[in-house]
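User: I have a model to go through and would like to ask about a few of its residues. Could we take them one at a time?
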Amino acid sequence: MIKSAIRGIIPPLLTPLTGQLELDREALDRMIEHITSAGVHGIFLLGSTGEWPSLPEKIRKKVVMHGTFAVKG
């Protein structure tokens, strides 16, 4: 049996967008800070409501790059 290093609480996050359908970086920062300060073990970016196939590739890349560096720890 293969043991997984993934454990604990890893909630999916919605991707906040501006009115111009761009990534709202400040809102994403606030969400990440709120969620991680509550003691979760990780975050699942682009993980809700079918966002991965629904968002343009440039937005997905921005979410992953920004979200990865926004997590402290």
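Analyst: Certainly. This is a predicted model. A starting point is T15, which is found in the segment before α1, the helix spanning 25–37.

User: Is T15 buried or exposed?
Analyst: T15 counts as buried, because its relative accessibility is 12% and the cut-off for buried is under 20%.

User: Which side chain does the T15 side chain make a polar contact with?
Analyst: The partner is the side chain of E51, at 2.5 Å.

User: And which residues does T15 touch, not counting those up to four places away in sequence?
Analyst: T15 touches L23, L46, E51, L55 and V63 on that basis. E51 is thus both on this list and the polar partner of T15.

User: Changing topic: how many aromatic pairs are there?
Analyst: The count comes to zero. There is, however, a charge over a ring: R60 lies over the face of W52, 4.4 Å from the ring centre.

User: Where is F69 found, then?
Analyst: F69 is found in helix α3, which covers residues 57–70. With a relative accessibility of 65%, F69 counts as exposed. Its C-alpha atom is separated by 9.8 Å from that of D29, 40 residues apart along the chain.

User: Back to the segment before α1. What is the phi of L21?
Analyst: L21 has a positive phi of about 60 degrees, although it is not a glycine. Most residues other than glycine have a negative phi. L21 lies in the segment before α1 and counts as exposed, at 60% relative accessibility.

Conventions
Residues numbered from 1 in each chain as written. Predicted model: local features only at pLDDT ≥ 70, side-chain atom pairs only at ≥ 80, totals over all residues. Heavy atoms only, no water. Helix = DSSP H or I, 4+ residues; strand = E, 2+ residues; numbered from the N terminus. Buried < 20%, exposed > 50% of the residue type's maximum accessible area, 1.4 Å probe, protein only. Polar contact = N/O pair within 3.5 Å; in protein donor to acceptor, adjacent residues only side chain to side chain. Contact = heavy atoms within 4.5 Å. Phe/Tyr/Trp six-rings, centres within 6.5 Å; stacked < 30°, edge-to-face > 60°. Lys NZ or Arg CZ within 6 Å of the ring centre and 35° of its normal.
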